[in-house]
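I open this notebook to record what I looked up in the structure shown below. The entries follow the order in which I consulted it.

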Amino acid sequence: MMKVGLYYNQSEKSQKVAEEFLNVCCHKEFERDDENPDVVITIGGDGTLLGAVHHYKSQLDHIRFAAIHTGHLGFYTDWRDFQAGELIESLKHDQGESVSYPLLDVTLEKADGTIENHIALNEATLRKVNGTLVCEVLINGELFENFRGDGVCVATPTGSTGVNKSLGGAIVHPRAEVMQMTEMASINNRVYRTLSSPMIFAPEEVLTLLPHSENGMVLSMDHLTYDANDIVKVHLHISTQRVSFVRYRHTHFWDRVENSFIGAREID
């Protein structure tokens, strides 16, 4: 019997959809298991899906996700709330179909010598909220530039439609397993100079950030935000881990982009 985990927000619409799945589990068609599931059903929006990915990050090698959209806009969500019954029927006839996306590995070195390993599905950002971020940018251990500005964003292909896009970065198809760095309001004049253009890195390349600011630094990984004042190095590269989704009616990437940002097909 398939073990199904439920991860949902507290909106009225999301709780109603969750009840529908709970009723199916009560009839013994699925086993409800939020600890060690085969498939995790997220009910809400992209924020809910990101929360689930981080919640189950130690089990990503065998978990698949299916995302139900109950909000206004969902880039990762293939199902609307009124299509929950259709998803349930697909789960009953599951053959292990899946599609996977690359993740970002983020390794933090702290001033006390502590090392922390994290992941991001969308992006990681390093910012300074009370002034100018001063940061060395290294590529494969070699100094590339000395950055001064508001911050930097490093995105996965699927994350390229988020903060990266708002900073003028390119939208990248997930089959191109690359990461992209964009600068936030970099300072460029006769004294200070950065490339000031989005940069796309090959899968095996490692980007290292060495911040020199004393306070006011903030590090974000997807929806999670941390005080970064004690961080001395941030290493980023495309992970060997991937996040997998069920593929019953998986929407193609460019269809997601068109639907999220253009909507021309609806107008026609």
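**Entry 1. Domains**

How far apart do the C-alpha centres of domain 1 and domain 2 lie? I note beforehand that this is a predicted model. I find a separation of 30 Å between the C-alpha centres of the two domains. To place them along the chain, I looked up their bounds: domain 1 covers 3-97 + 247-262, and domain 2 covers 102-241. For the contact between them, I recorded 13 residues from domain 1 and 20 residues from domain 2.

I then turned to the area that the domains share. Domain 1 and domain 2 bury about 1300 Å² between them, and 74% of this area is on carbon and sulfur atoms. I also looked for salt bridges between domain 1 and domain 2, and the count is 0.

**Entry 2. Nonpolar cores**

Which residues touch the most other members of the largest nonpolar core? That core has 27 residues, and I listed Leu 104, Val 106, Leu 126, Met 179, Leu 207, Leu 209 and Leu 236 as those with the most contacts to other members. I followed one of them, Leu 209, further. Setting aside residues up to four places away in sequence, I found that Leu 209 touches Leu 126, Cys 135, Glu 136, Val 137, Val 152, Val 232, Lys 233, Val 234 and Leu 236. I noted a second, separate core of 20 residues as well, with Ala 18, Cys 25, Val 39 and Ile 68 among its members. As general background, nonpolar side chains in soluble globular proteins tend to be buried together.

**Entry 3. Asp 46**

An unreviewed UniProt entry carries the annotation "active site" for Asp 46. In the model, I located Asp 46 in helix α2, which comprises residues 46-55. Apart from neighbours within four places in sequence, Asp 46 is in contact with Gly 74, Phe 75, Tyr 76 and Thr 77.

**Entry 4. Thr 182**

Is Thr 182 buried or exposed? I record Thr 182 as buried, because its relative accessibility is 1% and the cut-off for buried is under 20%. Thr 182 belongs to strand β12, residues 179-184. Beyond its neighbours within four places in sequence, Thr 182 is in contact with Val 152, Cys 153, Asn 164, Leu 167, Gly 169 and Pro 198.

**Entry 5. Helix α5**

Finally, I examined helix α5, residues 253-261. Within α5, I found Phe 253, Arg 256, Val 257, Glu 258 and Ser 260 to be buried. Just after this helix, Gly 263 takes a positive phi of about 70°.

Notes: Residues are numbered from 1 along each chain as its sequence is written. This is a predicted model: local features need pLDDT of at least 70, side-chain atom pairs count only at pLDDT 80 or more; totals for chains, interfaces and linings use all residues. Side-chain values use heavy atoms; hydrogens and water are left out. UniProt positions are given in the numbering used here, feature names are shortened, and annotations may be inferred rather than shown by experiment. Helices (H or I, at least four residues) and strands (E, at least two) are DSSP runs, numbered from the N terminus. Contact means heavy atoms within 4.5 Å. A nonpolar core is a set of buried Ala, Val, Leu, Ile, Met, Phe, Trp, Tyr and Cys residues joined through side-chain atoms within 4.5 Å. Buried means under 20% relative accessible area, exposed over 50%, partly exposed in between (1.4 Å probe, protein chains only). Domain bounds come from an automatic or database domain assignment. Buried area is the accessible area (1.4 Å probe) that two parts lose on being put together, summed over both. A salt bridge is a side-chain nitrogen of Lys or Arg within 4 Å of a carboxyl oxygen of Asp or Glu.
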